[in-house]
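Here is a friendly walk through one protein chain, written to be read with the viewer open. Please load the structure and follow along, residue by residue.

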Amino acid sequence: MVDTAGVLHRGRHAGTTAPVPSDTSDAQWVVIEPLLPPLARRGRPVAHARRDVLDAILYVVRTGCAWRALPVDFPPWQTVYWYFNQWEQQKVTEKILPVVRGQLRIAEGRDPEPSAGIIDSQSVKGADTVGQDSRGYDAGKKTGGRKRFIVTDTLGLLLTTMVCSASVQDRDGAKPILLNLYLRTRVRFVYADAGFAGRLLDWAATILQTTIEIIRKPPEQRGFTVLPRRWVVERTLAWLTAHRRLARDYERHPTTSEAMIRWAAINTITRRIARGYPATRQQKHTTPSTH
């Protein structure tokens with residue numbers, strides 16, 4: 001099989017090996033391919049199709065394997081890792097994400113640009129590859145490692161993300177991600193939990209002209225209860241951590257962690273676009289009793 005750049009697929013899409021669940025479908029590739037950087041006109045001929053490289057990146061994100069542990073029917077791990085870094089330097093994931101998010105929002109009957117968002121954070125354990133300069137301890141969650149901040153739209157689609165030490169308080173870590181949100185989107189209304197209450201609300205209103213509404217637990221609540229708006233971003237965190245590379249933070253640099261989060265979000269969104277409908281949870285089948 002030859003892609004639109006004229007490069008022969010030697011691996012996953014040449015019919016020489018069985019596909020794996022993380023491979024892009026043809027419909028998914030149609031969405032992503034036009035958004036990748038064009039091939040250089042000069043230099044050595046490209047030996048590996050970009051779709052095979054993309055599948056390798058998504059394999060790492062989805063399965064959580066090390067770069068060096070990529071199966072042999074993918075391009076060499078050094079090649080895949082080089083593309084991963086090159087694309088990040090070109091801000092490829094930051095350019096792809098708003099485009100595919102807008103496509104899905106239109107398919108859902110929404111305006112392509114959201115006007116409201118939901119913010120939340122998640123502390124995750126850090127592997128031994130996480131440097132001391134960007135790791136810490138979240139006393140509330142009793143977790144040592146890093147903290148992820150994400151902002152989603154009201155459909156749960158990722159708008160922006162930021163990764164820092166787990167010791168950073170929510171109201172402090174929220175400032176840079178809210179500033180990024182202000183610069184990149186037209187969102188000026190954000191829902192948050194009580195961890196973001198306090199002086200952050202005045203700062204956001206004064207500096208960013210952004211209103212933050214705190215969704216608090218009812219005083220009488222006992223145990224787990226689904227709260228309005230907050231469940232959307234919590235579901236997105238569950239979608240992201242279904243990608244095993246994100247179940248723990250393995251990245252030496254926080255910016256690499258942010259890239260992994262964006263690739264996971266792009267994978268989720270483009271699969272949903274290609275499928276044409278939201279995913280449904282598989283029903284549990286029980287064996288009828290013989291008694």
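## Around Thr 161

In this predicted model, Thr 161 touches Phe 149, Ile 150, Ile 177, Glu 258, Ile 261 and Arg 262, leaving out residues up to four places away in sequence. Thr 161 itself sits in strand 4, which covers residues 158-165. Is Thr 161 buried or exposed? With a relative accessible area of 7%, under the 20% cut-off, Thr 161 is buried.

One of its neighbours also offers a polar partner: the backbone oxygen of Phe 149 lies 3.0 Å from a polar atom of the Thr 161 side chain.

## Strand 1 and its partners

Strand 1 spans residues 116-125, and 9 of its 10 residues are buried, so the rest of the structure largely encloses it. Strand 1 pairs with strand 3 in the antiparallel sense, over 8 bridges. Within that pairing, Ile 119 has Val 151 of strand 3 as its bridge partner.

Strand 1 also runs parallel to strand 5 (residues 189-192), with 3 bridges joining the two. There, Gly 117 stands opposite Val 190 of strand 5.

## Two nonpolar cores

In soluble globular proteins, nonpolar side chains tend to be buried together. Which residues touch the most other members of the largest nonpolar core? They are Ile 57, Trp 87 and Trp 263, in a core of 46 residues. The elements giving two or more residues to this core are helix 1 (26-32), helix 2, helix 3, helix 4, strand 4, helix 7 (230-241) and helix 8 (254-275). Setting aside neighbours within four places in sequence, Ile 57 is in contact with Val 80, Phe 84, Trp 87 and Trp 263.

Another core lies apart from this one. That second core has 20 residues, including Leu 159, Val 190, Phe 196 and Ala 197. Val 190 is thus a link back to the strands, as the residue opposite Gly 117.

## Aromatic pairs

How many aromatic pairs does the structure hold? There are 9. In one of them, the rings of Tyr 59 and Phe 74 have centres 5.2 Å apart and planes at 50°, so the pair is tilted. Tyr 59 belongs to helix 2 (residues 50-63) and Phe 74 to the loop between helix 2 and helix 3 (77-89), so the pair ties together parts that are 15 residues apart in sequence. Both Tyr 59 and Phe 74 are buried.

Trp 67 and Phe 84 also form a tilted pair, because their ring centres lie 5.2 Å apart with the planes at 55°. This pair links distant parts of the chain, 17 residues apart: Trp 67 is in the loop between helix 2 and helix 3, while Phe 84 is in helix 3. Trp 67 is buried, as is Phe 84. Elsewhere on the aromatic list, Trp 82, Tyr 83, Trp 87 and Trp 263 form one cluster.

## Two positive phi values

If you check the backbone torsions, look at Lys 91, a non-glycine residue with a positive phi near 60°. Lys 91 lies in the loop between helix 3 and helix 4 (92-107), and is partly exposed at 43% relative accessible area.

Lys 142 has a positive phi of about 55°, although it is not a glycine. Its place is in the loop between strand 2 (136-138) and strand 3 (143-152). Lys 142 counts as exposed, with a relative accessibility of 64%.

## The whole chain and its confidence

Stepping back, the protein has 8 helices and 6 strands, which follow the pattern α-α-α-α-β-β-β-β-α-β-α-β-α-α along the sequence. Of its 291 residues, 46% count as buried. Among contacts between residues at least 6 apart in sequence, 63% join residues at least 24 apart.

The mean pLDDT is 89, and 84% of the residues reach 70 or more. Among the elements, strand 4 has the highest mean pLDDT (98) and helix 7 the lowest (93). Over residues 5-10, pLDDT stays under 50, and the model has 21 contacts beyond four places in sequence for this stretch. Where pLDDT is low, the predicted coordinates should not be read in detail.

Conventions
Residues are numbered from 1 along each chain as its sequence is written. This is a predicted model: local features need pLDDT of at least 70, side-chain atom pairs count only at pLDDT 80 or more; totals for chains, interfaces and linings use all residues. Side-chain values use heavy atoms; hydrogens and water are left out. Helices (H or I, at least four residues) and strands (E, at least two) are DSSP runs, numbered from the N terminus. Buried means under 20% relative accessible area, exposed over 50%, partly exposed in between (1.4 Å probe, protein chains only). A polar contact is a pair of N or O atoms within 3.5 Å; within protein, one must be able to donate a hydrogen and the other to accept it, and residues adjacent in sequence count only if both atoms are side-chain atoms. Contact means heavy atoms within 4.5 Å. Rings of Phe, Tyr and Trp (its six-membered ring) pair if their centres lie within 6.5 Å; planes under 30 degrees apart count as stacked, over 60 as edge-to-face and the rest as tilted. A nonpolar core is a set of buried Ala, Val, Leu, Ile, Met, Phe, Trp, Tyr and Cys residues joined through side-chain atoms within 4.5 Å. Two strands pair if DSSP finds at least two bridges between them. pLDDT is the predictor's confidence in each residue, from 0 to 100.
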